[in-house]
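Load the model in a viewer and keep the selection tool at hand. The stops below say what to select next and what is there.

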Amino acid sequence: MLTATDLTCRFGPRTAVDRVSFALDRPMFLGVIGRSGAGKSTLLRMLNRLTDATSGEVQFKGTDILRLTGRAKRDWQGRCAMIFQQFNLVPRLDVASNVLHGTLSRRSTLATMFNLWPETDIARALDILDRLGIADQAPKRAEALSGGQQQRVAIARALMQDPAIILADEPIASLDPMNAQLVMDTLRRIHDEDGRTVIANLHTLDTARRYCDRVIGMRDGRVVFDGTPDQLTTGAAREIYGADASFSEKATSTTLDGLPPDTAYASTMLET
Ligand SMILES: Nc1ncnc2c1ncn2[C@@H]1O[C@H](COP(=O)(O)OP(=O)(O)OP(=O)(O)O)[C@@H](O)[C@H]1O
Ligand SMILES: [Mg+2]
């Protein structure tokens, strides 16, 4: 279904993503984990054609994605909608209009300038907001919402494009734990109910373990782990994050906690 082969991205002398290959044979919830700078965002951005790959190949249902240009490229970007850590909403615009912007690629500039939307689109936007439990927020300005609500608006905007794939770049990194759970539950539900593939960059192991069907671990641009959450042992985590990473103690909530590197600490806390 979706295949990446030897996907590589160089920025000058730096190789951000180094010959990454994976194949998804069915819609799934895929997590991508790794340290800061491991290449997670660059990988997602290449899949969606926001960043040009230096070499390699991406295939989706027989289409050579990296060769798409013009209209076909824009269509693909609608088919694999992206959501971001900072939500990327228009803060002063109302929630419903933000969601309707998900149809932008199909609309004329003039209609967009005057904020004119077909009634069918408006009804669909409200349906999607209702499904995500935030229909009552539709008339409010986006900036008046909590972070968790804003991220659900961003997901609603992505759903307006009826995407086959949702690419989520650290979707919960700016959220408190309760909102993080709400947003992850929403993404998981969209996968379960609609059969859309979700590929999410995540920065905590416990989130990856809890929500993903499969996890790819990246280090220095390369895939160093590809398996199920069950296979993501603390030994595998050490391979991904490095031996000097510190983890919190509880196996159920193993989190890269940003403490200063402490090899002695890490080696006593990590067990395979
Ligand atoms: N536009 C760019 N120009 C130059 N270098 C870049 C660019 N984008 C990313 N890089 C570099 O590529 C490497 C991978 O970056 P990337 O943002 O993909 O990492 P990441 O895993 O998403 O990190 P983080 O967890 O901090 O978001 C880094 O060394 C980064 O500095
Ligand atoms: Mg990133």
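Select arginine 189 to begin. In this predicted model, arginine 189 has a relative accessible area of 31%; because buried requires under 20% and exposed over 50%, the residue counts as partly exposed. Extend the selection to residues 177–194 and you have helix α7, in which arginine 189 lies. Now add leucine 132 and draw a C-alpha to C-alpha distance: the two residues are 57 apart in sequence and 9.7 Å apart in space.

**Helix α6**

Select residues 147–160, which form helix α6. How far apart are its end C-alpha atoms? They are 20 Å apart, which agrees with the 20 Å that 14 residues should span at 1.5 Å a residue. Colour the helix by accessible area next: 13 of the 14 residues of α6 are buried, so by the cut-off of under 20% relative accessible area the helix is mostly covered. Then step just past the end of α6 to aspartate 162, where phi is positive, at about 50°.

**The sheet**

Switch to a cartoon view and pick out the four strands of the open sheet. Their order is β2-β1-β4-β5, and the pairing is antiparallel. Which strands stand at the edges? They are β2 (14–24) and β5 (63–64); each has a single partner strand, so one side of each is left without a neighbour in the sheet.

Select β1, residues 2–11, together with β2: seven bridges join these antiparallel strands. To see the register, show leucine 2, which stands opposite leucine 24 in β2.

**Ligand 1**

Centre on ligand 1 and display its surroundings. The shell consists of Phe11, Arg14, Ala16, Arg35, Ser36, Gly37, Ala38, Gly39, Lys40, Ser41, Thr42 and Glu170. Coloured by class, these residues divide into three nonpolar, five polar and four charged.

Which elements supply at least two residues of the shell each? Both β2 and α1 (40–47) do, and α1 gives the largest share, three residues.

Turn on distances from the oxygen atoms of the ligand. One oxygen–partner pair involves the side chain of threonine 42, where an N or O atom is 2.5 Å from an oxygen atom of ligand 1. Polar backbone atoms also take part: that of glycine 37 is 2.7 Å from a ligand oxygen atom, and that of glycine 39 is 3.0 Å from one. Finally, show the surface. Ligand 1 on its own has 630 Å² of accessible area, and the protein covers 58% of it.

Note on methods: Residues are numbered from 1 along each chain as its sequence is written. Chains are lettered from A and ligands numbered from 1 in the order in which they are written. This is a predicted model: local features need pLDDT of at least 70, side-chain atom pairs count only at pLDDT 80 or more; totals for chains, interfaces and linings use all residues. Side-chain values use heavy atoms; hydrogens and water are left out. The expected span of a helix is 1.5 Å times one less than its number of residues. Buried means under 20% relative accessible area, exposed over 50%, partly exposed in between (1.4 Å probe, protein chains only). Two strands pair if DSSP finds at least two bridges between them. A residue is near a molecule or strand if one of its heavy atoms lies within 4 Å of it. A polar contact is a pair of N or O atoms within 3.5 Å; within protein, one must be able to donate a hydrogen and the other to accept it, and residues adjacent in sequence count only if both atoms are side-chain atoms. Accessible areas come from the Shrake-Rupley method with a 1.4 Å probe; for residues, only the protein chains shown count as cover. Ala, Val, Leu, Ile, Met, Phe, Trp, Tyr, Cys and Pro count as nonpolar, Asp, Glu, Lys and Arg as charged, and the others, Gly among them, as polar.
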